[in-house]
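Visitor: I have a model open and a few questions about its geometry. Can we go through it piece by piece?

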Amino acid sequence: MAYKVRVGIVGMGRGGSTIYKTLRGIEHIEIGMVCDLVNTSGMEIATVDGVPTCISLEDFLKVENLDVIIEATGVQSVQLELKRSKRAATTVIEAQGANLMMHIIEEKEKLADIRRYKGELDAILNSVQEAIEVAGIDGKIKYVNPSFCRVTSIPAGQRIGNNIFEVSPSGALARSLRTHEPVFAHRALVGGTNVEVISNSAPIVVDGKMAGAVVVFQPLTDIYKLMEQLRASNQVIYELQSRINQISTSSYTFDDLIGSHPEFECALDFARKAAKSNSTILITGESGTGKELFAHAIHGASLRWDKPFIKVNCAAIPETLLESEFFGHEKGAFTGASKTKLGKMELANGGTIFLDEIGDMNPYLQAKLLRVLQEMEFERVGGTQTIKVDVRVIAATNRNLLEMVKRGEFRDDLYYRLNVLELRLPPLRKHKEDIPAYVQSLILKFNRKFGKHVTGLTAQAEDMLMNYNWPGNIREIQNVLERAMVSVEGEIITHKHILNFITPQTINDHEPMVEKIIPLEELEKQMIQKALRQYGNSVEGKKEAAKVLKISLATLYNKLKTMS
């Protein structure tokens with residue numbers, strides 16, 4: 001075990017405290033006692049450190065085995081008493097000697113700090129990828145880092161000691177030394193390989209005087225690589241953002257589904273039970289009965305509620321793109337496929353995919369969908385890798401799939417695979433008792449949307465709603481209420497606001513038709529106008545109108561042209 005020098009300190013003022021703080025951190029020194037006539041901050045520090053303290057010189061001199069006594073008071077009487085009463089083996093260092101010792105220790109610590117900083121700086125400069133060169137005020141090159149040698153193919157030994165004004169007189173470093181100003185984005189050829197670089201240089205100022213300059217440069221090829229990496233990273237970010245934008249969660253819950261009619265409540269109860277399973281669900285019902293809302297609610301109440309909910313409208317996607325939308329495609333799979341795209345099935349992995357208007361899916365895609373439902377795997381368009389997914393399927397249609405199966409328009413095996421659980425939604429005309437609740441809910445919704453304060457309907461307006469058969473179901477009543485809310489100026493919706501959107505002839509199907517005989521062309525025109533009044537002039541409205549009129553959308557457009 002190494003021998004420790006026992007030290008005592010007399011005087012714990014500013015000088016003695018400084019000496020104490022320095023010595024307590026040295027491994028082979030032990031402070032045996034500190035002494036002062038008053039309770040200075042130095043005495044408090046020693047007490048906290050557990051070092052013995054005293055307030056009289058007599059008690060201090062009783063301490064045994066002190067190798068060195070440091071007298072830090074500068075008082076002559078104290079110095080004389082210590083020399084007279086100390087033990088023969090003890091050395092007394094007076095204040096002047098202690099101060100000299102302190103200066104030596106401080107300088108040694110500063111030198112150690114400088115060496116440490118230099119080591120850290122060398123490590124940093126040696127590790128950076130940019131080339132660095134330093135020259136003094138006279139142009140003599142003092143330092144180059146390893147990256148400088150890599151870029152220029154010039155060894156450090158052949159560069160250091162040369163003068164920058166001779167080896168590179170037109171470079172950024174020489175310019176900074178001449179002008180005493182920074183130089184930015186200087187392009188030049190360097191080294192024996194004539195590599196083109198971009199340089200930035202700046203003066204080195206010490207104590208207000210310029211002592212030299214430093215240049216940092218990087219090959220343009222490295223910059224081009226970084227730019228390419230940045231473009232690649234941006235592409236990845238774009239694709240991830242695109243994927244995130246396609247992923248959504250359910251927007252509605254069972255609390256948003258209003259209705260107390262037994263037939264509606266039966267459908268609601270069945271949907272709640274179906275939500276707890278992973279079985280495929282087929283939701284059937286007329287257009288506008290709320291099939292999508294039920295799909296949202298089922299997903300939100302399922303064990304997959306925190307996973308993606310992906311909606312696909314099979315009727316809205318062109319047949320040529322339907323397979324790519326469903327299963328994605330590889331880069332170059334077809335003209336315009338500039339990058340790999342994830343399909344709806346892949347995006348829905350772990351969650352739910354809602355296939356709206358499933359009856360409009362083409363037979364080829366029906367076969368591919370059947371495989372996914374059976375095996376939970378597929379390949380992207382133009383790809384060979386089999387992708388496995390875990391997806392729950394909820395399908396919806398307003399068409400009679402069983403009749404389509406009989407006519408050969410829909411695969412029977414896919415029908416039975418989809419129809420594991422069938423949820424049938426009643427048309428609004430079968431549960432008109434729920435209309436007042438729907439109306440009140442819609443008024444609250446549109447009050448928030450339009451900033452209005454509508455409180456309800458007149459009795460006559462409510463009778464009109466109750467006596468109308470609503471061929472467009474809940475979607476139609478929503479459209480009528482929204483239009484009425486836009487036009488109303490007071491707090492009550494009257495029958496006049498509704499008459500703009502429900503003609504008297506359509507309030508009750510049992511009212512007698514006008515007996516006047518009119519040309520078929522005129523009757524057709526009236527029916528088209530009536531359908532557009534109910535469903536609107538938007539693209540979706542015209543699609544609904546064409547379905548009710550049992551004509552194609554193209555035929556509807558042609559007839560509208562002849563009517564104008």
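Guide: What follows covers a sheet, a helix pair and two backbone angles in this predicted model.

Visitor: Start with the sheet. What is the strand order?

Guide: The order is 12-13-16-11-17, in an open sheet of five strands with parallel pairing.

Visitor: Which strands are at the edges?

Guide: Strand 12 (309-313) and strand 17 (421-424) are the edge strands, and each of them pairs on one side only. From one strand to the next, the twist averages 20°.

Visitor: How many bridges join strand 11 to strand 16?

Guide: Four bridges join them. Strand 11 covers residues 281-284 and strand 16 covers residues 392-397, and the two run parallel. Within this pair, I281 is opposite I394 of strand 16.

Visitor: What does helix 11 lie across?

Guide: Helix 11, residues 262-275, lies across strand 11, strand 16 and strand 17. Its direction is at about 150° to strand 17.

Visitor: Different topic. At what angle do helix 13 and helix 15 cross?

Guide: Roughly 15°, with the axes coming within 10 Å. Helix 13 is residues 319-327 and helix 15 is residues 363-375.

Visitor: Parallel or perpendicular, then?

Guide: Angles under 35 degrees count as roughly parallel, so helix 13 and helix 15 are roughly parallel to each other.

Visitor: Left-handed or right-handed crossing?

Guide: The crossing of helix 13 and helix 15 is right-handed.

Visitor: Which residues meet there?

Guide: From helix 13, L322, E323, F326 and F327. They meet Y364, L365, K368, L369 and V372 of helix 15. Sorted by class, this contact has seven nonpolar residues, two charged ones and no polar ones.

Visitor: Now the backbone angles. Which residue in strand 8 should I look at, and what is its phi?

Guide: A185, which lies in strand 8 (residues 183-190). Its phi is positive, about 55°, although A185 is not a glycine.

Visitor: Is A185 buried or exposed?

Guide: Exposed: the relative accessibility of A185 is 53%, and the cut-off for exposed is over 50%.

Visitor: And what about M376?

Guide: M376 also is not a glycine and has a positive phi of about 55°.

Visitor: Where is M376 found?

Guide: M376 sits in the loop between helix 15 and strand 14 (377-379).

Visitor: How does M376 count by accessibility?

Guide: M376 counts as partly exposed, because its relative accessibility is 22% and buried would require under 20%.

Key:
Residues are numbered from 1 along each chain as its sequence is written. This is a predicted model: local features need pLDDT of at least 70, side-chain atom pairs count only at pLDDT 80 or more; totals for chains, interfaces and linings use all residues. Side-chain values use heavy atoms; hydrogens and water are left out. Axes are lines fitted to C-alpha atoms, for helices over the stretch in contact, and angles run from 0 to 180 degrees between N-to-C directions. Angles under 35 degrees count as roughly parallel, over 145 as roughly antiparallel, 65 to 115 as roughly perpendicular and the rest as oblique. A crossing is left-handed if the near helix is turned anticlockwise from the far one by less than a right angle, and right-handed if clockwise. Contact means heavy atoms within 4.5 Å. Ala, Val, Leu, Ile, Met, Phe, Trp, Tyr, Cys and Pro count as nonpolar, Asp, Glu, Lys and Arg as charged, and the others, Gly among them, as polar. Buried means under 20% relative accessible area, exposed over 50%, partly exposed in between (1.4 Å probe, protein chains only). Two strands pair if DSSP finds at least two bridges between them.
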